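Let's take a walk through this one, stopping at a few spots worth a closer look. Have the sequence and the coordinates open as you read.

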Amino acid sequence: MLGEGCQITADSGRSGGELVSGTHSHYAVRHIPAHRNRDTLIPAVLRPYTDLSHAKTELLKAAPGTKSVLFNSNGSRLYAMNLEGMSIYEFDQPSRKVGREFKFKPTKGTGWDYVTDKPIPSYQEKPVEACLSHDDKFLWISLHNAEGIVPIRVDSLAANYKIADGQTVKKVTVLYPGLSNKDSFYVPLIRTGKTPKIIARTADSKYLLVSNWHSYNVSVLEMNKDIYPYASLVSTIPVSSIPRGIVVDDRNNRSYVAIMGGSSLAVINNSDWKKDTDMVVESNPRHIVMDTSGHLFVSYNKLAKIACIDLATGQSLFTATTHAAPRTIILSKNHKFLFVTCYSSDFVDVFKINDDNFEKLASLPCKGHPVGVDIFENNDTLEAWVCSYSNGSISVFSFNKK
């Protein structure tokens, strides 16, 4: 994934794009030595393992209000969505260094104070969550106060220059830490709903689903990598209350949405993009992930609890208590371990998933209100990269496999 540097100049309301000048492949030169094959970072098949032991913790500097993190498919890059920093950091996994920073130009908007439950003056361009599609070429980002999402071509910056007449756009400047060079371009804003959060996609990179917190709905967009602005709204699905987490079940042609404002998971039919039913669960489900054996895992934010649910019956098979305010959860690659960020208590809980219970392996201190997590693995090591919201850091928890 090599970035071709470019600089684009265009005004937000103007059609047409002009490629003016460029700097080339800064990131490739600095962080991808010629002898390293990035495609072999993660083996095609990982060796079996049955246990994990915590080996070390590293603390990396991020940006204010880092909200979520996302690895690309081969584990070479991690994208950190910096809500308050209005930027995205692209980390190099082996070196732990930031190679590129994608910084949005701020424009005035209306945000939300989740403590007072009231609107506040803010900026539109605050990245929340993200999703990669089309073999990691497109990075889709939800902007908290812009009522939409934007795609960035991270494989080729030059491909971002197109602007269509009448299309709302957002300016992005690319900074290269340690260098004076800058690139800039515009990306299209694709309208979804008010306060977009989670973005999920179908396995074939054909559809995106976006949960819209204040609209009480889910947007479904059909993607087309060859036609600007690369996605269009095809369905808006009403839900009963605040939606948050999304899982797409391609095998059964269904999607599941955590209704954080209630006690259910909305079940969506992916054939017609309409809601089938509501699966009753416990109160305040926030995030959900799924394994390949028909199990859904849920974090219950207010209850300080996680659960394993049988998709076939909707029944909760077993639960476990976590530290306070569990947020994001992520499965290990073999689906035998679950990592939980516990926001207000400043812990990361690690569980082994047995046939009929969660077995807690570790509770690791993580200052600054941990919120997002993603996993890197090779045959010897598992790394949980956890971003903390209030102190602008990323903690890398490394585990030995046994």
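## Ser-398, tucked away

Ser-398 has a relative accessible area of 4%, so it counts as buried, the cut-off being under 20%. Keep in mind that we're looking at a predicted model here. This serine belongs to strand 34.

Who surrounds Ser-398? Skipping its neighbours within four places in sequence, Ser-398 is in contact with Ser-53, His-54, Ala-55, Lys-56 and Glu-58, with Arg-96, and with Thr-381, Leu-382 and Glu-383.

## Lys-402, just past the strand

Now slide along to Lys-402, which is found in the segment after strand 34, a strand that covers 393-401. Is Lys-402 buried or exposed? With a relative accessible area of 55%, Lys-402 is exposed, since the bar for that label is over 50%.

Being exposed doesn't leave Lys-402 without company: leaving aside its neighbours within four places in sequence, it is in contact with Tyr-49, Thr-50, Asp-51 and Ser-53. Take Asp-51: it is 351 residues away from Lys-402 along the chain, yet their C-alpha atoms are separated by 5.0 Å. Ser-53 is worth a second glance too, as it turns up among the contacts of Lys-402 and also among those of Ser-398.

## A four-stranded open sheet

Next stop, a sheet. Four strands make it up, in the order 28-29-30-31, with antiparallel pairing, and the sheet is open. Which strands stand at the edges? Those are strand 28 (326-331) and strand 31 (358-365); each has a single partner strand, so one side of each is left without a neighbour in the sheet. Going from one strand to the next, the twist averages 20 degrees.

Zoom in on the edge at strand 28 and you'll find it paired with strand 29 (residues 337-342) in the antiparallel sense, over four bridges. Within that pairing, Ile-329 stands opposite Val-340 of strand 29.

## The second largest pocket

Last up is the second largest pocket, with a volume of about 690 Å³. It is lined by 29 residues, and the closest to its centre are Trp-112, Asp-113, Tyr-114, Val-115 and Lys-197.

Which strand gives the largest share of that lining? Strand 8 does, with three residues. Strand 8 (108-113) and strand 9 (118-123) each supply at least two residues of the lining. As for chemistry, the lining of this pocket is a mix of eleven nonpolar, eight polar and ten charged residues.

Definitions and conventions:
Residues are numbered from 1 along each chain as its sequence is written. This is a predicted model: local features need pLDDT of at least 70, side-chain atom pairs count only at pLDDT 80 or more; totals for chains, interfaces and linings use all residues. Side-chain values use heavy atoms; hydrogens and water are left out. Buried means under 20% relative accessible area, exposed over 50%, partly exposed in between (1.4 Å probe, protein chains only). Contact means heavy atoms within 4.5 Å. Two strands pair if DSSP finds at least two bridges between them. Axes are lines fitted to C-alpha atoms, for helices over the stretch in contact, and angles run from 0 to 180 degrees between N-to-C directions. On a 1 Å grid over the protein atoms alone, a cavity is a set of points where a 1.4 Å probe fits but cannot get out, and a pocket is an open set with protein on both sides within 12 Å along at least five of seven lines; lining residues have an atom within 4 Å of a point. Grid points are joined across faces, edges and corners, and a volume is the space filled by probe spheres set on the points. Ala, Val, Leu, Ile, Met, Phe, Trp, Tyr, Cys and Pro count as nonpolar, Asp, Glu, Lys and Arg as charged, and the others, Gly among them, as polar.
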